Amino acid sequence: MRITRRQFLKVSGAAAAAGATVRLSPIPAFAQSGPVKIGVLAAKAGVTAPVGESGLRGTQWAVERINAGGGILGRKVELVVEEESNPKDTVERFRKLVLQQKVDVVTGVVSTGVGLAIGPAAEEEKRLLLMWDGTTQKGVEETIPKPRYAFRSVDNEAEAVMASILAARRFKGRIKTVAGINNDYSYGRDNWAAFLAIMKKYGMNVTPVVELWPKLGETNFTSHVATLQQAKPDLVFCSFWSGDAPILLKQAHAAGLTASTKLVMTTAGGVHEQLKKAFSPEGMILGYNSLYFDDPKASPLSKEFTRWHQEKFREWPNYESDHGYFTVVAYKAAVEKAAKAAGGTWPTVEQVAGALAGIEVESLSGRRGYRADHIMEATYFQGISTHRNKHDFVTLESVETMSTKQIQKPSGMGLYDWISSWTV
Amino acid sequence: MTQALNLVLGGVFHAAALFLVAAGLQLVFGVQKILNLACGSFYALGAYTGIAAVNAALAAGVPAPLFLPVLVASGLALGVLGPPLERLLRTIYDRDEAFQLLLTFALVLMLEDVIRFVWGAAPYQMAGVYLTYGQVRLGTATVPVYNFIVIAAGLAIAAGMGLLLTRSRFGGIVRAAAENRGMAQALGVDMGRISTRVFTLGLVLGTVGGALVIPAGAAVNEMGIELIVEAFAVVVIGGLGSMRGAFVGALVVGVLKAVAIAVYPEAEMLAVYLIVIAVLLFRPTGLFARATA
């Protein structure tokens, strides 16, 4: 069918009228139109794949809820997902998201190495970057000292700080020798150093008898376990967070190590369903980072997410979902806050960045926000492992919570200086 | 003394898995002259399939002590993948090595995605059968009997491979084909068939290796890639294309790593590569490979 000039004018007139009607709706008019685009950099292969997937799940749930509630100031939210891999390629994908896909904000990133490379890129492109993770000491101390557009996660060592405080409280006077088994990279090294510093601060008087540094991705610990057995430490401190955590526990159990030695697993809650009762002992200090799926005091929001996650994926969620959820919800709250301050117009990137600093919203782990220095605040969940539950894996006997206000170094201070400044 | 024995046992246990993967790599290189990077992926595939098979068997009421034959059978069953994959590789037999590396690396990436698609990104485990056969006390240390079974299986397979290659007609043809492909062909050897069989055998060594080791651990997506790196160290130390080299190389890497962990943990990975560097400097063809003109 050919359209005559007259018909065309008629149709466009009607469209213009329809547009005018929309403009009369109570939603304020913004320069931007169409959906709000959120770029996500999620790891999909290798050791960080499960973490990336978990972050993506939390992000997707947040977006579904926001869209069901009318979007951000009336604009629907759309996700553009790219893969987080090595630093160089991920920076390229970040630029692709910003320049080609023209996303409004980028979230994601699990690895500190990627975070180190991508932070400066965000500053350069003047685009908001809200990172889920990847914040070992190296990540927070050495990149961009005063970021404008990059917002970073909680110091990754916060969980070691909390676990060490719990260990000091629980085992004071009962341990003399300690051993560490941590991955050979900044996260593992920093966690072990933080643990030793806190032991000293609490006057625990412990001697480290062996320090083991398997590479990230190691899947056989028989020799490490044999070495630990030889050293006979009273306590083993371990910051594994991936498939290596259940493998170590399994092989340690088979060698009889878990029966005689106290264990601190700062981050194994990241793979909590893998910590089967068959080999994971009761009585170990176990950290879940910022989301514990079975918290009796969880908010209705958190319970709803946990239910959704279990029904959809047949798995109980872990912490990265909370980081992913938080970044999206914080962005929405900041846009709304900045728009209000700007008199109802869609805010600029700088205005949103300004609003994000100091913002506080409800996330899956309770209230959490960003500090003025662009670092996340959250609540951390840890406790003592137990077999008394309906699952085939260990859970927490009693849930201890600590705010990052207690367990994360304040702005402008080094981790170890901060620890030595404590009065205990 | 028992502590030292315990330590060495840990290293030998790891060496058993390394040997099986490296043996597959050597066999395929010997005959097809292809450096098959995907040998690590076969190991991972064997691990995942083994877990799935044992979990299904236990759920179907198979008694726990029978999990070992189920594991081995699942590893052997993956041999069906051998002929089609070999068909694919056949397209690059006569091309530059770079093509071989690219194609086999592409297989690594694809197989990792297949594993992720089928079993997900989270670690995957077998129901608790690891200690089914009990534990043995060695002084103050405790060692699962299953670890000895894996070591014994590794030794038995090594001996079996030795016999197959040196005493059987098939082994003779394989060695002849490895020595001089053109001459073997001229004497009437069907190289297509030999290639398919050798590749399938190499694949099965990897899948059985993965299946055997996995009760002691958990399967993770990246386990194949992690092992390839060590298998290459084994091959460099032992000499490319040599079965005896794979055996000795695996023992050197496994035990050396175990000793480094106990004596100087900072050098856990470095120790292996120091030996690799020394071999490359002083005996570039490896301990057991013959120098080629």
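**Figure 1. Chain A overall.** With 424 residues, chain A would have a radius of gyration near 22 Å if it were a compact globule, and its value of 24 Å agrees with that. Keep in mind while looking around that this is a predicted model. The C-alpha atoms of chain A fill a box of roughly 90 × 45 × 40 Å along the principal axes. Helices and strands turn up in chain A as 15 helices and 15 strands. Of the 424 residues here, 53% count as buried. Take the contacts in chain A with a separation of 6 or more: 69% of them come from residues 24 or more positions apart.

**Figure 2. The two domains of chain A.** The domain assignment splits chain A into domain 1 (36–154 + 299–377) and domain 2 (158–289 + 379–420). Their C-alpha centres sit 28 Å apart. Where the two touch, domain 1 of chain A puts in 17 residues and domain 2 of chain A puts in 19 residues. Looking at the domain 1 side of that contact, the elements giving two or more residues are helix H5 (137–141) and strand S12 (366–370) of chain A. That side is a mix by class: five nonpolar, six polar and six charged residues.

**Figure 3. A close look at A:Arg170.** Zoom in on helix H6 of chain A, residues 158–171, and you'll find A:Arg170 in it. Is this residue buried or exposed, or something in between? A:Arg170 counts as partly exposed, because it has 14 C-beta neighbours inside 10 Å, and the partly exposed class lies between 12 or fewer (exposed) and 20 or more (buried). Now find A:Ala298 as well: A:Arg170 and A:Ala298 are 128 residues apart in sequence, and their C-alpha atoms are 25 Å apart in space.

**Figure 4. The loop with A:Arg314.** Between helix H11 (300–313) and helix H12 (319–341) of chain A there is a loop, and A:Arg314 is found in it. What is special about the phi of A:Arg314? The angle is near 55°, a positive value in a residue other than glycine. Most residues other than glycine have a negative phi. A:Arg314 is exposed, because there are just 9 other C-beta atoms within 10 Å and the exposed class takes in anything with 12 or fewer.

**Figure 5. Where chain A meets chain B.** Here, 36 residues of chain A are in contact with 38 residues of chain B. On the chain A side, the elements that give two or more residues are helix H2 (49–68), strand S7 (207–212), helix H8 (222–231) and helix H9 (244–254). Which element of chain A gives the most to this side? That would be H8(A), with seven residues. By class, the side of chain A that touches chain B has 16 nonpolar, 14 polar and six charged residues. As for scores, the model comes with ipTM 0.92 and pTM 0.91.

**Figure 6. Chain B overall.** A compact globule of 293 residues would have a radius of gyration near 19 Å, and chain B, at 19 Å, agrees with that. Along the principal axes, the C-alpha atoms of chain B fill a box of roughly 60 × 50 × 35 Å. Chain B has twelve helices and two strands. Walking from the N terminus, you pass them in the order α-α-α-α-α-β-β-α-α-α-α-α-α-α. Buried residues make up 49% of the 293 residues in chain B. Among contacts in chain B with a separation of 6 or more, 76% are between residues 24 or more positions apart. The average pLDDT of chain B is 92, and 99% of the residues score at least 70.

**Figure 7. The hairpin in chain B.** Strand S1 (residues 135–138) and strand S2 (residues 141–144) of chain B run antiparallel, joined by four bridges. Which residue of S2(B) is the bridge partner of B:Gln135? That partner is B:Pro144. The hairpin of S1(B) and S2(B) has two residues between the strands, and B:Gly139 takes a positive phi near 65°.

**Figure 8. The loop with B:Lys33.** B:Lys33 is found in the loop between helix H1 (2–32) and helix H2 (39–59) of chain B. Although B:Lys33 is not a glycine, its phi is positive, at about 60°. With 15 other C-beta atoms within 10 Å, B:Lys33 is partly exposed.

Conventions. Residues are numbered from 1 along each chain as its sequence is written. Chains are lettered from A and ligands numbered from 1 in the order in which they are written. This is a predicted model: local features need pLDDT of at least 70, side-chain atom pairs count only at pLDDT 80 or more; totals for chains, interfaces and linings use all residues. Two residues are in contact if their C-beta atoms, placed from the backbone, lie within 7 Å. Ala, Val, Leu, Ile, Met, Phe, Trp, Tyr, Cys and Pro count as nonpolar, Asp, Glu, Lys and Arg as charged, and the others, Gly among them, as polar. pLDDT is the predictor's confidence in each residue, from 0 to 100. Two strands pair if DSSP finds at least two bridges between them. The radius of gyration is taken over C-alpha atoms; the globule rule is 2.2 Å times the number of residues to the power 0.38. Domain bounds come from an automatic or database domain assignment.
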